[in-house]
Amino acid sequence: MTSLKISNLIRNQVPEFVREQHPKFVSFLEAYYEFLETQQGTQKNDLINQAKSLRYLSDVDSSLDTFENNFYEKFASLLPREAAVRKDILFKNLTNLYLSKGSSSSYKLLFRMLFGEELEIIEPKNEVLRASASTWSVENSLRVDPDTLYLLHSGNGTTKTFLLPSAAFTVKSVLINGVETTAYLVNQYSKRIIFTSAPSNGSSIKIFFNDFDYSLLVNRKIEGKTSRASGIVERFAVSLVSNRNIEDLYVNSKTVIGVFANGEYCVTDIIVDENVLNLEFLTSSALRKINIINGGSNYSNGDLVIVSGGGAEQEAVAVIEEVFSGYIDTIRVNKPGAGFWSGGLIDAIDPPLVVNGTISTVNTSSSNVTNTYTILSDVLIANLSSISIGATDYGIAGKSVSNTSNVIALMNPISINVGAISVCIVVTANSVSAEVPIVETQGATYLTGTVFHSITGFRSIGGYTINGSGENYRVGDEVIFGPNPILTNGVGAAARVSATDASGRILKLDIEPSRLTGTANVTANSHIVTGTGTSFNTEISVGDRIIVNGESRFVNAITSATSINCNLVFTYTTSGIDAAIGKYWIYPTGGTNYTQNNFPSITIRSRTGTNANVVIDSCMGDGENLTATGSKLPGAIVKIRIIDGGRGYKYIPFINLTQSGDGQANAQAEIESSFVTFEGKWTTSDSIISSTERKIQGKDYYVDYSYITSSRVEFRKYKQILKDLLHPAGLINYARYRIDKVANVTNLGITTISPNKVISGKVNIGQGSIYITGVNTRFIDGYNRGYIGIGDAIDVNGRIYIVESIISNTNVQVSQVSTSPPLGVTSAPVPFSVTANLEPFIVLGQVTGVSPGSAEMTLETGDLLVTEDGIILTTE
């Protein structure tokens, strides 16, 4: 507003003849304007000054004091008069507030203006579990060899200065038409490279960098020069491939057109200072791995591996890192044998001490070997001198030993579970072996006293091979052992067919106790054994244990040479077979003194079966064939290390291993793909049931039409404002008080606290009383409406009490918190030593848990206090 007065200008504004001929008129005009410009007493007659000010009325900075109420009534009738920002700022931003009405930005702007607080808008719908709503993302990466990226300029014969992409990274090298030059200077500040002499017209200038910033390529289009494939870069990351850092440019799948080729050059451009700069780089396609097909032999660590072909810009370099040393590391099971158990020792016998191992696993359920072996210990015979043995202990003199004999008990029968060897392991390998050593293993052992013995020494039959199953055989058909080969003395072996299929093909033989003379027949549910050609009266005794058709029984009575009575009835009838009868303890099961690999031939005695071909192949604790060897030959290639993966491979290169070792090794290369499509992944949890942040849709809260305002401002202060001004129709609003400051104290004294609610009426407290009596109060009504509750803290006459019970509208029973004025923490017992007469009844809320002590704090308006028990106090 100007202070220049019009009255001072009148004389120069009227025509000259008026000034000369009518001076009084001029003086009148000056006096009149001076009157209009000057306030007259209490009357504001300075109309001209007011007229001059009219143009400033539209400026809120100049007219706010005068028209504040008018502005509020016209533009901000729904806003409170108290605001955190200056009024001029408030009115200036009302347009932005109204234009964004209903959006989260309008809420945040309103809170900043009114309360000076930040507001967070939370939408529960974003936490709702939704079927098939999660986002599945598949990422694609174009791999870039950072050593090949360069800025491409073209010379014109006159220009010496060229623009660089950034001042943040340095120039590594410069090539002009493929020839490196150092005749240049770099001005980092101005992002310029200055050549000593101008590059020739049409020359190609390639500028390489030490630390290029790949963020410059984000949102830029990349195109392959060979494939013409293209895509837009979303982000980038560094990966380690073949001992080299590679830049992964992640390309948006929706923008990918075509297929990028391995080892091709790609082009892109960036904008720097409103100039377009062209960049080129080679996609990374390095040698990733060399797989060994055949390790050969006689190679040495450090031997060079020749990598050729592949159309590479630069060949890879690799060396042999590890070869097999020649130590034995494997014991292979060629033939499993019979009569072994886990833990049996394996030793090399030629050459000795080269390796030792152990049986790791045996097959104790094999159908081709004996899986249980019983022997009689002889250790206790030396102790028989102290034991009296009479005729009854031996049964019939000169015949056999009775089942009830003390001799049988003293001989201590032992049964052990055995089987065929499945897996062997090497325990130690003591030296390098140039040849395959001969190894042998120990059969299963048993303990007599303190001495271990091997069942191998019995040389009992333990395993067989079915070369031909034949047909029409029956369970119970007897295995007939032929004559012993020359110089062998095997005796006592016996066996029978124990399993066939529906066509009578032999599936299994059982090796059983030694046979008696003749054959036998039994009938189901009968104790009687009837013999044909038998000599029961001379070959067995009462109490002997026998076996017929696979069923074991004890002899109770001998009726004749062809008939005996057993202790239990038989389960099966010997029908259609010529069953043999076996007797225990004549020889070990499987006989004895047989020679491994020189067994008698066997046939199957059967009334109907034909064409079976079965051979014995193992003694107990023998018959195995193990080979101790290395998994590879001495000097065989185990591992190849890639020193430099090369760059720009377009196809798989050839690996040449003929220049060292025996030249027989063979290996195959793998190269990295320049364009990689990674496995897909969920990038949101919308449909993942196990996600902790997902909730099932519920009434009025976890729904699409709810939202939460989270702030340090109490909901009651802004609830109506939001409802009248910004709240969108059809939505429901919840509020969350955000706790930014938490005080955890054990002993608390509150020195300043403002009341929450004041109950109508006045109250009296009599000295020594625990009751508060009200005048015109409505305690029960307040309780029903939630204004006051049991356990609430109240303030009467500067002291804090806890409501114990509400007796009536005018009577409340209380107890006193341990405080004393001015609310300092002390110990004050009940009944009270204070009297209040017609004091306000102020409800503070739940503050139980306040304990005596010396800690004090002052609560400011709007602060929160959290006690150790989790009680929250708010102040207004």
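**Cut-offs at work in a predicted model**

Q: Why is I306 called partly exposed?
A: In this predicted model, I306 has a relative accessible area of 32%. Buried means under 20% and exposed means over 50%, so 32% lands in between and I306 counts as partly exposed. You'll find I306 in strand β17, residues 304–308.

Q: What makes L304, I306, V317 and I643 a nonpolar surface patch?
A: Patch members need over 30% relative accessible area and no salt bridge, and nonpolar side chains are joined within 5 Å. I306, at 32%, is over that 30% mark. Together with L304, V317 and I643, I306 makes a patch of about 320 Å².

Q: How do you know that D273 and K191 form a salt bridge?
A: The rule asks for a Lys or Arg side-chain nitrogen within 4 Å of an Asp or Glu carboxyl oxygen. For D273 and K191, the N to O distance is 3.2 Å, so the pair qualifies. D273 sits in the loop between β14 and β15, K191 in the loop between β8 and β9, so the bridge ties together parts 82 residues apart in sequence.

Q: Why is K191 called buried?
A: K191 has a relative accessible area of 19%, and buried means under 20%, so K191 makes the cut. Its partner D273 comes in at 47%, which is partly exposed.

Q: What makes E672 and R288 a salt bridge?
A: Their N to O distance is 3.7 Å, and the limit is 4 Å, so they pass. E672 is in the loop between β43 and β44 while R288 is in strand β16, so this pair links parts 384 residues apart in sequence. E672 is buried at 12%, whereas R288 is partly exposed at 40%.

Q: How do you know that E478 is buried?
A: Its relative accessibility is 4%; with buried meaning under 20%, E478 is in. E478 also forms a salt bridge with R515, the closest N and O atoms being 2.7 Å apart. E478 lies in strand β29 and R515 in strand β32, so the pair ties together parts 37 residues apart in sequence. R515 is partly exposed at 22%.

Q: Which residues do salt bridges with shared partners join into one network?
A: R143, D248, R288, E670 and E672. Over the whole model, the count comes to 30 salt bridges.

Q: Why are β31 and β38 said to stand at the edges?
A: The open sheet is ordered β31-β30-β29-β38, with antiparallel pairing. β31 and β38 each have a single partner strand, so one side of each has no neighbour in the sheet. Neighbouring strands here are turned by 35° against each other on average, direction ignored.

Q: What makes β29 and β30 count as paired strands?
A: Pairing takes at least two bridges, and two bridges join antiparallel β29 and β30, so they qualify. E478 stands opposite R496 in β30.

Q: How do you know that β32 and β33 pair?
A: They run antiparallel over four bridges, and at least two are needed, so the pairing holds. N521 has T530 in β33 as its bridge partner. Both strands belong to a closed barrel of six, β32-β33-β36-β35-β34-β37, and the twist averages 45° from one strand to the next.

Q: Why does P728 count as partly exposed?
A: P728 has 24% relative accessibility; since buried stops under 20% and exposed needs over 50%, P728 falls in between. P728 is in the loop between α12 and β47. Setting aside neighbours within four places in sequence, P728 is in contact with G102, Y107 and Y707.

Notes. Residues are numbered from 1 along each chain as its sequence is written. This is a predicted model: local features need pLDDT of at least 70, side-chain atom pairs count only at pLDDT 80 or more; totals for chains, interfaces and linings use all residues. Side-chain values use heavy atoms; hydrogens and water are left out. Axes are lines fitted to C-alpha atoms, for helices over the stretch in contact, and angles run from 0 to 180 degrees between N-to-C directions. Buried means under 20% relative accessible area, exposed over 50%, partly exposed in between (1.4 Å probe, protein chains only). Contact means heavy atoms within 4.5 Å. Patches are made of residues with over 30% relative accessible area and no salt bridge: like charges are joined within 9 Å, nonpolar side chains (Val, Leu, Ile, Met, Phe, Trp, Tyr) within 5 Å. Accessible areas come from the Shrake-Rupley method with a 1.4 Å probe; for residues, only the protein chains shown count as cover.
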